[in-house]
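Biologist: Before we look at anything in particular, could you show me how one reads helix packing and strand pairing in a model?

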Amino acid sequence: MEADWDELAIVQLPLHGQHQPATPVATCAFDTVQELLWTGNNYGRITSFYGPALERYTSYRGHAPAEGTVGAVKQLLFTDKGVLSISKHSVHYASRRGLTQWHLTSADFKELQCMNFTSKGTREILVAGCQEKMFKVDVDKGAIVEDLATNAQYTIMKRAGGYICAATNSGGIHILDSGSLSVVKIFEGHTGSINDMDAKGDFLATCGWSPRQQFGFMLDPFTHVFSLKTLKQLPPIPFHTGAAFVRMHPRMSTTAIIASQTGQMQVIDLMNPDSANLRQLNMYDTYLSGLEMAPSGEAFVLSDSNAHLHLWGSPSKVCFPEYSNPTEFADAVVPPPAMDWSIDTPLNTVGMPYYKEHLLSGWPSHMVFEVGAPPPKIDPTILNNMTRTDMGFYAKNPKTKRRNQVEDTRLSDRGNESLTAPKFLSEKARAAQSSSESEQRMAETMETLTDMHLDDVTRKDVPAMYGNVEIKYSRFGVDDFDFAYYNQTPYSGLETHITNSYANSLLQLLRFTPLIRNLALRHTASPCLYESCLMCELGFLIDMLEKAAGLNCQASNFLKTFSGLSNAVSLNLLEEYAPNVALTNMIQAFNRFLLEKISTEFRQMLGGLGGTSMMDQVLETQARATMRCAQCRNEMMNEGRTFVNELVYPAKNIMKNARGPRPTFSQILKSSVERQDQMKGWCNKCKRYQQMVQRNTIQTIPGVLMLNAAIQSHEAKLLWSIPNWLPQEIGIIVDQGNFYCFEGQDLKLHLQRGAFDIMVYELIGVVADINSGEHQKPHLVATINTAPSSRGANAATEDKWHLFNDFLVRPIPKEEALRFEPSWKLPSVLTYQLKAARGKIDDAWKDTLDTSILYRWWSANPSPPASQFQLLDPSTEAPRPGYPVAIDAEFIRLQSEEIEMKADGTRETIRPDRKGLARVSVCRGEGLHAGLPFIDDYIAVAEPVVDYLTAWSGISPGDLNRDTSPHALVSLKHAYKKLWLLLNLGCVFVGHSLANDFRTINIHVPRAQVVDTVDLFFKPALHRKLNLKFLAWCVLKEQIQGGMHDSVEDAVTALKLWRKYQEFVDAGVLEGMLNDVYATGREIGFRAPGSGVPGGGHVKTGSAGASGGGSEPGGAEKPEVGLTTPKKASTFGRVGFRSPMRAPGS
């Protein structure tokens, strides 16, 4: 060992299996031909490592476990062609790549332990063990050549010169002639057994065990040395820590390395034992289990009890064999040829593979067979009624099938995972036929979704309308999806592709509860600017759903704010962090969390005033909890409140009692609200923990009763399956702390008497958990009575029940809405509201909008110069109905789209990319300062950004980081609320391709308040929409978007185009102008001259049919074509009406 020797590598053997502990090293050896280190474990697996870095090379199973044993590898030998290994019952020969050459087993192989080459070299081996026979094996043929009787049981074999040195299991050493295999000499080595042995040249060294009094066997504190030249024993070499392993140096014939289990090593000259070189290895929490020396002498490996291999050697000289052959590796993957790909590269230059033989994908259909079938599913009726016994379970035969009837499980296994999606709008436009055929197809569609046989409300088949709905995406994005196929009602649905959209059903339920709806909008109109306020987001969402009036919406802003709350993760409310939580449990936990949070947020805006807020009066059940000690009868009282009442069902023995009447819903509700429990608690009088009885005394009840069904038992499911068990109206009396609940005839009787002040509640809706089939994911729907939330006289009309299955909305009968099935439809959340609040829709919040956010600079940074930005003057520029504002927004990509490649090579978008608002600019649309922005907000982003889309957005990395941004950043809610205020103040939004902007911002603007220049300069017959850059060049004779995109510049350009459009209309030349614009566009490819491809044209992602801008290939500009533009002076704005963000003369 030279001075520069160091530990070069540490590796661990691969695990035997998943979740299994590390596998100990049973044996290891250096390859004599190549730069490989071979190891074997206790499970018969042989693994090799390449080079000084010990890189994984091959790994294969050489020996399988026999009955009751493991196939531990005992020893490894090497030939030029492969690797020999031995275990208790077999000998294995494989190439270095792991391919088996032969595997030898025999009934006489009972306890094999060792092997070595005979006098014939690597053509023949001698195999022996702790048994009465040893065997000669021909390496080339893999066959036993000769059986030999033995005088002892051998555990280790080493060959040196013409001798084979064999260690016996009793501690002796037999010196065998390698030719005749006769015993030449017997040495008495150790009184116990031999632990390790090595022989090189004329010397043999051994380490072993000897018995000690009271301590059993211990390692001898010396190493025995024998001369193979004189066949005599030499003086032993002392090693006081216990010699465990010994190896002779392959090139220095008298040098040996001795090691102990604790890591002490001694390099010694056998002829001069006094000149020892001591080393100590740091073993920490392990001990050595093996030592092996490389054939070159330039490295050795140590194995420890933690299944690690430690390679030591000189970094500059390390090699395993002295002269090694090259090691064969797998062929490197040939990279595909490089292509200079651009937008102008012809597709026919892309090479296609050519195959001379038939591909497996072209397998003939007449040779394809169905083999086997899925096992039939057990009937849910059987699973729900099983009785346990010692031998297993049994249940009554439901007799749904005939005796010996075989089910075609392949047919049921091919069920669709969701409702069949309609054609894309672009496909329908191309395939449009007569209006009568279109109406007929729509009628067939609605008949499919309606399931006309719903009149039979006792049927247990799952109607199609309850199935999973899924958005499909074409190359035009989500705008091409036909949402009207699923919804022809005036009530908007919510999309499903957003994370945590399981909350959609509960959000719809709150939107149709007038008392909650009124307070949410009232709070949203207040000056609340808390970023994580769910109450504000709920108000924004409700207002969007009402304004959309049947068009699809998405709760992206609400769910984004909700997902960012830290305690939502700990409560298992986020789908990505709680994938195994049942949806019914998740929605009930979300219900509790949401109501408590919005109550707290509503109370925050009271300005520190005490007392009960209006939201508490609507949601809070106030109770006094009385705890009585079962021993001393001492009573203690605590004030309590709850926003959600969990239904508590009677014990199973009561539910199963066929003689007694089934409990009614009102009885269940009474016991749930008063809730009497027994628990351990501290008694102040007894001064110890005692059994306590707790009972709630109700003080007040809210205007809205939110109930969690909390169905856990099969008996509770059967209770809900009783027809008309859930009443649509209940009456509640609270008298002196007692809670009374009535329904049906009892309620009518109390109303007729009028003796008590009874409060009547009506059912607003139910969130139900749907398990609609074996091949569909469970999901949540809401069945809601929309009549109580109708306005004025419409609320007094008959009930109107609707199903809200995400973006599928359709009317259903009341019987269907209140029908539940134990196997597939069960309630999760119920909402009752005071019947007196029916139809009380309060829109007074529109008159009390807090607009101070529009007139104040909210950043600590200085405001921009007045020539570039100026806030509105509340005295002269207050927004009013019809006031035009120019708007443009820029976005960043927060999440990439998820794409699935089908077998035919087509792409299907599973989930679209998710964008976030990065910048929004709003400019005045009229007056002296027309075109001057009064909103130019950059939105701070905390989550990771996938792509800043700089070429299209003008946003660079660091612009949205609060620590590095040069801009005055605001929160998303801050920017959103400004737009929401402008919307509700009646402003008209002017811009280009605004539909996608509004969708990403998550705001719905009625058509009457939108002026979109992409629609103004559009001829439907030509099926092409024009980009902003081209329109600016062609109509306004201006060049825009020369460098980075600027939302202020784009907003002002859209405003100019609108004014120009009005001039064309006033002059009566609009049709001719549009013809000229399209004619010019066809000549230059609808790209403004001088524009580059990446930034050409302000194209909004997802706008179906919007064309790209940019210059022609080659960059040649086309001459301007004369347009019949009327000569009319501009009557608004500053001179020239240039963008305030551009330098003069640009």
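**A helix pair and a sheet**

Modeller: Let us start with a contact between two helices in this predicted model: Leu534, Glu537 and Leu538 in α7 meet Asn557, Phe558, Thr561 and Phe562 in α8. By residue class, this contact of α7 with α8 divides into four nonpolar, two polar and one charged.

Biologist: At what angle do helix α7 and helix α8 pack, and how far apart are their axes?

Modeller: In general, two packed helices are described by the angle between their axes and the distance between the axes. Here helix α7, which covers residues 534-548, packs against helix α8, residues 556-563, at an angle of about 165°, and their axes are 9 Å apart. Angles over 145 degrees count as roughly antiparallel, and α7 and α8 are therefore roughly antiparallel to each other. As for handedness, the crossing in which α7 passes α8 is left-handed.

Biologist: Turning to the strands, in what order do the four strands of the open sheet lie?

Modeller: The general idea is that strands of a sheet pair through backbone hydrogen bonds, either parallel or antiparallel. In this case the order of the open sheet is β33-β32-β36-β35, with antiparallel pairing. At its edges lie β33 (635-642) and β35 (677-683), each of which pairs on one side only. On average, and with direction ignored, neighbouring strands of this sheet are turned by 40° against each other.

Biologist: Over how many bridges do strand β32 and strand β36 pair?

Modeller: Strand β32 (residues 621-629) and strand β36 (residues 688-700) pair over eight bridges in the antiparallel sense. To follow the register residue by residue, one may begin with Arg624, whose bridge partner in β36 is Thr697.

Methods: Residues are numbered from 1 along each chain as its sequence is written. This is a predicted model: local features need pLDDT of at least 70, side-chain atom pairs count only at pLDDT 80 or more; totals for chains, interfaces and linings use all residues. Side-chain values use heavy atoms; hydrogens and water are left out. Axes are lines fitted to C-alpha atoms, for helices over the stretch in contact, and angles run from 0 to 180 degrees between N-to-C directions. Helices (H or I, at least four residues) and strands (E, at least two) are DSSP runs, numbered from the N terminus. Angles under 35 degrees count as roughly parallel, over 145 as roughly antiparallel, 65 to 115 as roughly perpendicular and the rest as oblique. A crossing is left-handed if the near helix is turned anticlockwise from the far one by less than a right angle, and right-handed if clockwise. Contact means heavy atoms within 4.5 Å. Ala, Val, Leu, Ile, Met, Phe, Trp, Tyr, Cys and Pro count as nonpolar, Asp, Glu, Lys and Arg as charged, and the others, Gly among them, as polar. Two strands pair if DSSP finds at least two bridges between them.
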